[in-house]
Amino acid sequence: MNTAPSLLLPLILALATSTAHAQDRQRDDRDDHGPDLQLVCYGGAEKTTAEVHSGYEWDPQQHKYVPKQSVETGKADFQATITVSIHADRGDIQLPKSLIPPLHGDNRDGWWRIDDLLVGHDEIRGKFRLNALNQPRLSINRRSGAITIDGMIKFNGRCDADDGHRRF
């Protein structure tokens, strides 16, 4: 009778060790793939605008009206929605057409790769390249959900997790 408990103890220890190793492997797999986040961010945006004005102006030297053309630059404010997708160590950002400059670099259907991506415990940071002169910086506070994009385009807003489920 003493042999049965002595045989069961090594079997129980082997089973417990095997379960612990399986849990460690699952944890390692999650760490290797990193976070998987889908965010929808709502807020206010600002971009530089250029308006061309044409018309006529009185020329006192010629004593007649002459054609005149001018370009005025300014800032336009509007509401926008931005989508951020992070999977493992790769991040992408999708901008609305109203924030995309006329001359822009490569994108995949409005999605730009986030470079220098850092997904920290409290903050997500990176930058993306719209064109050679326009490389905005992205910062998302993971506690408050506040997002800031700072470059030639500016955006401030709040992000919500998009789990793909319908609200209604």
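The questions and answers below go through terms used for this predicted model and show how each one applies.

The model is predicted, with local features needing pLDDT of at least 70 and side-chain atom pairs counting only at pLDDT 80 or more, while totals for chains, interfaces and linings use all residues. Residues are numbered from 1 along each chain as its sequence is written, and side-chain values use heavy atoms, with hydrogens and water left out.

Q: What makes a stretch of this chain a helix or a strand, and how many of each are there?
A: Helices (H or I, at least four residues) and strands (E, at least two) are DSSP runs, numbered from the N terminus. By that rule the chain has one helix and eight strands, and along the sequence they follow the pattern α-β-β-β-β-β-β-β-β.

Q: Why is Trp 58 called partly exposed?
A: Buried means under 20% relative accessible area and exposed means over 50%, with partly exposed in between (1.4 Å probe, protein chains only). Trp 58 has a relative accessible area of 43%, which lies between those limits, and it is therefore partly exposed. This residue belongs to strand β1.

Q: What makes Tyr 56, Trp 58 and Tyr 65 a nonpolar patch?
A: Patches are made of residues with over 30% relative accessible area and no salt bridge (a side-chain nitrogen of Lys or Arg within 4 Å of a carboxyl oxygen of Asp or Glu). Like charges are joined within 9 Å, and nonpolar side chains (Val, Leu, Ile, Met, Phe, Trp, Tyr) within 5 Å. Tyr 56, Trp 58 and Tyr 65 form such a patch on the surface, and together they have about 440 Å² of accessible area (Shrake-Rupley method, 1.4 Å probe, with only the protein chains shown counting as cover for residues).

Q: What makes a set of residues a nonpolar core, and which members of the largest one touch the most others?
A: A nonpolar core is a set of buried Ala, Val, Leu, Ile, Met, Phe, Trp, Tyr and Cys residues joined through side-chain atoms within 4.5 Å. The largest has 24 residues, of which Ile 82, Val 84, Ile 93, Leu 95 and Ile 149 touch the most other members. Elements giving two or more residues to this core include β1 (36-59) and β2 (64-87).

Q: How do you know that β7 and β8 pair?
A: Two strands pair if DSSP finds at least two bridges between them. Five bridges join β7 to β8, so these antiparallel strands meet the rule. A hairpin also joins β7 to β8 through two residues, and Ile 147 stands opposite Gly 157 in β8.
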